[in-house]
Amino acid sequence: MPVTPENWEEPPVNRWTFWHTAEILPAYRISCGRGPTRPLPDSPSSADLLSIGAPRSGGTQSGTESTVGGVLADTFTDAYVVLQDGKLVAEWYGPLGAPDRTHTLMSISKSIVGCVAAVLIDRGQLEADAEITGYVPELAASGYAGATVRNLLDMRTGVRFTEAYADPQSDIDRLGRCLGWGHEDREDQENQDEPAGLYRFLATLPAEAPHGGRFLYRSAESDVLGWVCERATGQPMAALVSELLWAPMGAEHDADLLHDCRGTAVHDGGLCATARDIARFGQLLLDGGTVPGRDGGSRRVVPPRWLRQGWAVDADVRTAFAASPAEISFPGGWYRNHFWFRPGSYGDVLLGLGIYGQMLHVSRRTGTVCVKFSSWPRPQEPAFMEDTLRAFDAIGGALAGREPVGRRPRLAGVVSGLSRHGNTAPSVL
C-alpha cells in the first residue's frame with residue numbers, strides 16, 4: 001500500500017510509518033548534543049516479566065486472567081522498555097523497530113514541551129501567571145485573550161476546541177488540515193477552506209467559558225504553549241528541547257520534531273524518539289528532575305518543584321478534573337503541568353499518553369519506568385489502554401515486591417493525543 005501524508009496514521013501502514021514518520025512528513029532534528037549519554041546498565045533482576053499476571057479490563061476478555069506478555073501481544077505493541085531504579089530490566093522491539101530507531105510519540109510530546117516551559121519559568125524567562133498575549137500578541141483577537149500560561153499548562157482556558165476524532169468537522173480534524181501535509185503546492189494550500197499553518201489556525205479559536213475554571217483536554221493548548229515558549233526565548237522549539245532537555249538528560253540519539261507547511265513545529269504531538277530515550281526521560285522524572293553528575297552527585301535538568309507540584313494534587317485541580325469528561329476513564333486522576341496522574345494498584349502513577357497506544361508510565365512507589373510504543377488500528381482503544389496500565393502496574397509491583405494498595409476515592413480522568421484523520425470514538429477513553 002502506498003504511504004502518503006494522508007494515510008500515514010491508518011492501519012496497516014501505521015505499523016511501518018510510526019517508525020519512519022520523519023521520512024514521510026517534514027521534520028526538524030533535535031540534537032542529543034556531544035555530552036555523555038546516560039547509561040542504562042542491565043538490572044540483576046531475573047524476573048520473567050511476560051508471565052506476570054495481568055487481569056483484563058474490558059472487551060471480549062473482560063475480567064479474565066491474562067499475563068503481561070498476553071497484553072503486550074494483543075495490543076499491537078511495537079516496542080517496550082522497562083527500567084527499575086535506573087537499570088534496564090527488559091527491552092523488546094517488533095520486526096520493524098530497533099533501539100536506535102525513532103518512533104512517533106504522539107501526545108507524549110506534550111509532556112516534553114511542558115518540561116521546556118518548566119525550565120524557562122525556573123530561569124525567569126517565562127512567567128506562569130503572565131497573560132499569553134504578552135508573548136503572542138497575534139492571539140489578542142482570539143479566545144485566548146486574557147488566558148495565562150498557567151491556564152495552558154493545566155489545560156484550563158475557556159477556549160472552544162473540540163477533540164472528537166470521529167467528527168470530520170471537529171477542531172482537531174481542522175487543525176490537522178491546517179498543517180498542510182500532502183499539499184506540495186503552496187498556492188493550492190492557500191486556497192483551502194482552512195488557514196494555512198498551525199499558528200494561523202490557533203488565532204481563529206473563540207472562547208466559550210471563563211479562563212481558569214474547567215479542565216478539558218485539548219491539543220491546541222499545547223500548541224499555544226509551544227508558541228509562547230518560542231516567543232519568550234526567540235528560539236525554535238527544536239532548539240529549546242535540545243538545549244534544555246534532550247542533551248542535558250543524556251539522550252543517546254537525536255529526536256525529530258514534525259512541522260507544518262510554514263515551518264511551525266507541531267508542539268502537541270510532533271515528536272519522534274527512541275524507546276530508550278523516552279525511558280531516560282521517564283527516569284529523569286522519577287528522579288525528581290535530576291540526572292547523575294560526574295562527581296557522584298546529581299545535576300538538575302527539570303526543576304524538582306515542578307514535579308512536586310504535579311504529584312501533589314490539590315482540591316482545585318481535583319475538582320476541575322472530576323467535573324470533566326476525563327473522569328470516566330481515570331477515577332481519582334488529575335492533570336497538571338502537562339502530565340496525567342492516575343491512582344494505580346501500587347500508588348499514584350505519572351503518565352505521558354499518546355493516541356494509537358504510546359505510553360510512558362512512571363511509578364515512584366515501585367521505582368519503575370515503563371515505555372510502550374504501539375500502532376493501534378484506531379486512535380483510541382479504551383480496553384487496550386486499561387489493560388496496558390494494569391500490566392505496567394503489575395510489573396512494578398512484582399519487581400518491587402509490593403502488595404497492591406487500596407484505591408483512594410479521589411475521582412477520575414484521561415485521554416489521548418494527536419489525531420489528524422482518525423475515525424473513532426470521541427476523545428474520552
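Is Asp-268 buried or exposed? In this predicted model, Asp-268 is buried, because its relative accessible area is 0%.

## Asp-268 and its distant neighbour

Asp-268 has its place in the loop between strand E5 and strand E6, the latter covering residues 271-273. Although Asp-268 and Lys-110 are separated by 158 residues in sequence, their C-alpha atoms are 5.3 Å apart in space. A reader who follows the chain in the 3D view can therefore look for Asp-268 among the buried residues, since its relative accessible area is 0%.

## Helix H4

Helix H4 comprises residues 108-123, and its length can be checked by a short calculation: at 1.5 Å a residue, its 16 residues should span 22 Å, and because the C-alpha atoms at its ends are 24 Å apart, the expected and the computed values agree. This helix is mostly covered, with 14 of its 16 residues buried. Just after H4 comes Gly-124, which takes a positive phi of about 85 degrees.

## Salt bridges within one helix

The structure holds 24 salt bridges, and two of them can be followed inside single helices, beginning with the one between Arg-174 and Asp-171, whose closest N and O atoms are 2.7 Å apart. Both of these residues belong to helix H6, which runs over residues 171-178, and they stand 3 residues apart, or about one turn of the helix. An α-helix has 3.6 residues a turn, so residues three or four places apart point the same way. As for their surroundings, Arg-174 and Asp-171 are both buried.

A second pair is made by Arg-280 and Asp-277, where the closest N and O atoms of the salt bridge are 3.0 Å apart. These two residues lie in helix H11 (residues 275-286), again with a spacing of 3 residues, about one turn of the helix, and both Arg-280 and Asp-277 are buried. Elsewhere, Arg-342, Glu-386, Arg-390 and Asp-393 are joined into one network by salt bridges that share partners.

## A salt bridge between distant parts of the chain

Another salt bridge brings together the side chains of Asp-254 and Arg-29, with a distance of 3.8 Å from N to O. This pair links distant parts of the chain, for Asp-254 sits in the loop between helix H10 (237-246) and strand E5 (255-258), while Arg-29 sits in strand E1 (residues 27-30), and the two are 225 residues apart.

How buried or exposed are Asp-254 and Arg-29? Asp-254 counts as partly exposed because its relative accessibility is 30%, whereas Arg-29 is exposed because its relative accessible area is 57%.

## Polar contacts of Asn-151 and Glu-221

Asn-151 is found in helix H5, which covers residues 149-153, and it is buried, with a relative accessible area of 10%. A polar atom of the Asn-151 side chain lies 2.9 Å from the backbone nitrogen of Thr-148.

Glu-221 belongs to helix H9, made of residues 219-233. With a relative accessibility of 1%, Glu-221 counts as buried, and its side chain is joined to that of Thr-157 by a polar contact of 3.0 Å.

## Two cysteines without a disulfide

A disulfide is a covalent bond between the sulfur atoms of two cysteines. How many disulfides does the count come to? When a disulfide is taken as a pair of cysteine sulfur atoms within 2.5 Å, the count comes to 0.

The reason can be seen at Cys-32, because its sulfur is 15 Å from the closest cysteine sulfur, in Cys-272, which is too far for a bond. The same distance applies when one starts from Cys-272, whose closest cysteine sulfur is that of Cys-32, at 15 Å. Cys-32 is buried, with a relative accessible area of 13%, and Cys-272 is buried as well, with a relative accessible area of 1%.

## A nonpolar patch on the surface

On the surface, Val-3, Trp-16 and Leu-96 form a nonpolar patch, and together they have about 220 Å² of accessible area. Of these residues, Val-3 has its place in the segment before helix H1 (14-17), and Val-3 counts as partly exposed because its relative accessibility is 34%.

Methods. Residues numbered from 1 in each chain as written. Predicted model: local features only at pLDDT ≥ 70, side-chain atom pairs only at ≥ 80, totals over all residues. Heavy atoms only, no water. Patch = residues over 30% accessible without salt bridge, like charges linked within 9 Å, V, L, I, M, F, W, Y side chains within 5 Å. Areas by Shrake-Rupley, 256 points an atom, 1.4 Å probe, with all protein chains shown as cover. Salt bridge = Lys/Arg side-chain N within 4 Å of Asp/Glu carboxyl O. Helix = DSSP H or I, 4+ residues; strand = E, 2+ residues; numbered from the N terminus. Buried < 20%, exposed > 50% of the residue type's maximum accessible area, 1.4 Å probe, protein only. Expected span 1.5 Å × (residues − 1). Polar contact = N/O pair within 3.5 Å; in protein donor to acceptor, adjacent residues only side chain to side chain.
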